[in-house]
Each structure stands twice: as structure tokens, then as C-alpha cells.
Amino acid sequence: MPLLTQRIPDLNEQYSLVASLDNVRNLSTVLKAIHFKEHATCFATKNGLRVTVENAKCVQANAFIQAEVFQEFIVQEETISFRINLTILLDCLSIFGSSPMPGTLTALRMCYQGYGHPLMLFLEEGGVVTVCKINTQEPEETLDFDFCSTNVINKIILQSEGLREAFSELDMTSDVLQITVSPDKPYFRLSTFGSAGSSHLDYPKDSDLVEAFHCNETQINRISDVKYS
């Protein structure tokens, strides 16, 4: 077991939040999935760590890492929250590189002393320890999307890997991604409008990409400033 993931009672008592992982790249991969804005708000409870990213109060992405995922997870208060620069956090988590040597893992101990204090990251790989301190900010109020089941008009569950492949086929010169959901053909359509014209990707409701398809009426939404990487 790496030194950083071994419990140190006297040291941990001074922190409001302590979280340890044997392999930091699992956390890094999850956070990269929601990294479409520079800053994120972190919430820690006894159940785990939630990282929320919002854009213009209309789009929200959440990554929740359950407490059981960590080798050590200590929260001294009912709820701990702070705002942090997600770009800097990801850079620190990959400070030993994004492509590890075979059989080599980067361990992490993350400590937060409380309001006004920086988030401290202790990263260890191959006996080498690096300490990073990231300034935290006052947490901003996040939107509470109340997805009551009685108000849901359409609901589709898609395989993430298949959807990623679909995005790779889109026209990257388009600033807009249009998503069409319909109870009839084309069922599920992704549309772009780039320099070469418009293009569409259609998927039937019984496609291998679609895990569940519940659609009551046609709905068209447009997303701007799309990043296809």
C-alpha cells in the first residue's frame, strides 16, 4: 500500500476533509468528463464527493465519487463545499504524466482544512512525493434540476462509448449541435451545420447505441459552443 493511502490519525484530525486513492488516474478520468468550464464546485458529505460544473445556469454536469471508492474518506462536517479551478486541479492530478509506466500507480491524499484554506494534494509515485496547494473560493449556488418523473416528456439512455464515437463523426467546424428526439423517424438525430453544409446522424430506437427509449413528443434542442474533443 502506498504511504499516502495509509491512515495517519493525528494528521487527519486537523483537516475537515481527507480522501485517499491508490490510483489517482481513476479520479482524473472522471473529472475530465465534466471539464467543459474552468471552475467547478465541490461538495463533500459522508456519502462521497460530488463535483459540479455549470455553464450559464442552463447546463450542469455532475461527477459523484462514492465514499467506498476511496481507500480513506473522512468528512468532519455534515457538508463541505468550495469552488476550485478545475483546470489547475486536473493539471496537478496528472503531474507525473498521463501515461504511467506499466505496473506504476500514482497515489493521492487530498486534504482540506476548511473555509479559506487551500486544497492540498499529496501525490506519490515510485517513492517520489509531490505536494500541490490550490486556492479555493467561495462556493457559488448551483442549480437544483428537479427531474420529477411525472414531468419528463422524453427520456433516452445511451451507451457513452457509442455516443462518443458518434460525436467523432460530426462536422467539427459547426458551432452548434442540434439534438432531435421523436417518437417516429428519425427517432434520435444529431445534426451539425458547418462550413461544408449540414450533416445528420440518425439512430433508430432499437439501435445498439440506445439502451432505453421513451419518447412522447418531438423535441429539438440546440447546444452552442460545442467541444468535440
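Let me start with Arg83, which in this predicted model is buried, with a relative accessible area of 17%. Arg83 forms a salt bridge with Glu140, and the closest N and O atoms of the two are 3.9 Å apart. That pair links distant parts of the chain, since Arg83 sits in strand β6, residues 80-85, while Glu140 belongs to the loop between β9 (128-134) and β10 (154-158), 57 residues apart. Glu140, for its part, counts as partly exposed, at 45% relative accessibility.

How many salt bridges are there? The count comes to four, and I will take you through two others.

One of them joins Arg25 to Glu125, with 3.4 Å between the closest N and O atoms. Here too distant parts of the chain are linked, with Arg25 in helix α2 (residues 24-32) and Glu125 in strand β8 (residues 119-125), 100 residues apart. Arg25 is buried, at a relative accessible area of 15%, and Glu125 is likewise counted as buried, at 15%.

The other is between the side chains of Arg189 and Asp202, which meet at 2.6 Å, N to O. Because Arg189 lies in strand β12 (residues 188-194) and Asp202 in strand β13 (residues 197-203), the pair ties together parts that are 13 residues apart in sequence. Arg189 is partly exposed at 25%, and Asp202 is partly exposed at 40%.

Finally, let us turn to helix α3, residues 86-93, in which Leu86, Leu89, Leu90, Cys92 and Leu93 are buried. These residues cover an arc of only 160° around the axis, which puts them on the same side of α3. At the N-terminal end of α3, Asn85 acts as a cap, with a side-chain oxygen 3.0 Å from the backbone nitrogen of Thr87.

Conventions:
Residues are numbered from 1 along each chain as its sequence is written. This is a predicted model: local features need pLDDT of at least 70, side-chain atom pairs count only at pLDDT 80 or more; totals for chains, interfaces and linings use all residues. Side-chain values use heavy atoms; hydrogens and water are left out. Buried means under 20% relative accessible area, exposed over 50%, partly exposed in between (1.4 Å probe, protein chains only). Helices (H or I, at least four residues) and strands (E, at least two) are DSSP runs, numbered from the N terminus. The arc is that of the directions from the helix axis to the C-beta atoms. A polar contact is a pair of N or O atoms within 3.5 Å; within protein, one must be able to donate a hydrogen and the other to accept it, and residues adjacent in sequence count only if both atoms are side-chain atoms.
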